[in-house]
Amino acid sequence: MKKFLLVLLVLSVALGSVFANGQQGGGSAGGKGLIGIVMPTSAEERWNIDGNSVKEGFDKLGYQTDLQFSNNDIPTQVSQIEAMLLKGAKAIVIGSIDGSALGDVLQKCADAKCITIAYDRLLTNSPNVDYYVTFDNYKVGQHMGKIVVDGLKLDQAPAGKTYNIELFGGSPDDNNAVVVYNGAMEILKPYFDKGVITVPSGQTDFQTIATMRWDAAEAQKRMENLFSAFYTDKNLDGVLSPYDPISLAILESAKGLGYAKGSATKPLPVAGGQDCIVASCKSINDGEQYATILKDTRQLGAATVKLVDEVLSGKTPAGLDMAQYKSTDTHVVPSLLLEDTIVTKANLKSAVVDTGYHTAAECGF
Ligand code: BGC
């Protein structure tokens, strides 16, 4: 008996320290079993909203939930998933940091018959990925390309005119970043081929333009280096930007060099983005950032909750894509692919404010 109590004590101390590593974790009681939710970081606006909306959805259906944020640290995320398994989680929703780094713990999930859901970011390097719920990232990339095309009015470019752009990518360990880049480049390629756009730095391949952990400060440093190396005698007309904080950082660098909204000689570069964060909506309304991509996290959260509930209730989820995503060379991950929306000043109110995604005041109306 003493030994048993000791084991129990050790286990609860271990669990306590595992949870202490996460940030702002929260649990809830509920009768239908435990669902683990693990998000990459609480330091980015979107993952907070994602985590909490997924948690609320499961709470409403009567599940018990355990929501953890992993501080962008892979070992923390692994321990959090292990702790959820120890607590008997029936399913774990995983917003990964490095999608390829969780193979061992995903094996433990499979051994425990716990359903794994890759949330927004694909999990790779493991056959133990049951479902993937995300936005159609290739389309997101195509939309990022379209933002550059529309923002610079490339289809109406005067004959002989070439616009200078630079390319920025997301984190090289996030599968989404590569897919998005490929989608964007498909749209931009004909304009490169026709000479309507060019990249003065010559930096176009994904590994060169990638931004580790989507870090806006790193992207800003790269932009500043590009400005001083390649733009002393020309203007930067636009950027392909994969993420709102990166867009805002690039616009800051440009402003520091005299680029200004509405300037006839040095207008701010056209910049898109992704995630529709409050600061970018405000910037779009102010006429600075040109556009962003809204991936409605409420829809993603609701779709995830519905899918998991169906699976745990023995139903077969409908509408899954069985071709686009694999977690190994051979393991197809059944995927639910949602649609994003391009947001510019023209539809900011209807797409963002009227749908309740952000308030009018947040968007600067
Ligand atoms: C997500 C984006 C997000 C980025 C940075 C990507 O995996 O799909 O929505 O902007 O990570 O967090």
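User: Hi! Is Cys109 buried or exposed?
Analyst: Cys109 is buried, with 0% relative accessibility. Buried means under 20% relative accessible area, exposed means over 50%, and partly exposed is in between, using a 1.4 Å probe and protein chains only. Keep in mind that this is a predicted model, where local features need pLDDT of at least 70, side-chain atom pairs count only at pLDDT 80 or more, and totals for chains, interfaces and linings use all residues. Residues are numbered from 1 along each chain as its sequence is written, and side-chain values use heavy atoms, with hydrogens and water left out.

User: Thanks! Which cysteine sulfur is closest to the one in Cys109?
Analyst: That would be the sulfur of Cys114, at 4.8 Å, which is too far for a bond.

User: And what about Cys281, buried or exposed?
Analyst: Cys281 counts as buried, at 0% relative accessibility. Its closest cysteine sulfur belongs to Cys276, 3.6 Å away, and that is too far for a bond as well.

User: How many disulfides does the structure hold, then?
Analyst: Zero. A disulfide here is a pair of cysteine sulfur atoms within 2.5 Å.

User: New topic: how many helices and strands are there?
Analyst: The protein chain has 12 helices and 13 strands. These are DSSP runs numbered from the N terminus, with helices being H or I of at least four residues and strands being E of at least two.

User: Where does Phe206 sit?
Analyst: Phe206 is in helix α7, which covers residues 206-209. Phe206 is buried, with a relative accessible area of 8%.

User: What is Phe206 in contact with?
Analyst: Leaving aside neighbours within four places in sequence, Phe206 is in contact with Gly169, Gly170, Ser171, Pro172, Ala177, Val178 and Tyr181. Contact means heavy atoms within 4.5 Å.

User: What separates the C-alpha atoms of Phe206 and Val353?
Analyst: They are separated by 34 Å, and the two residues are 147 residues apart along the chain.

User: Zooming out, what does the radius of gyration say about the chain?
Analyst: The protein chain has 22 Å, which agrees with the value near 21 Å for a compact globule with 365 residues. That radius is taken over C-alpha atoms, and the globule rule is 2.2 Å times the number of residues to the power 0.38.

User: What does the C-alpha trace span along its principal axes?
Analyst: About 85 × 45 × 40 Å.

User: Last one: how many of the residues are buried?
Analyst: Of the 365 residues of the protein chain, 53% count as buried.
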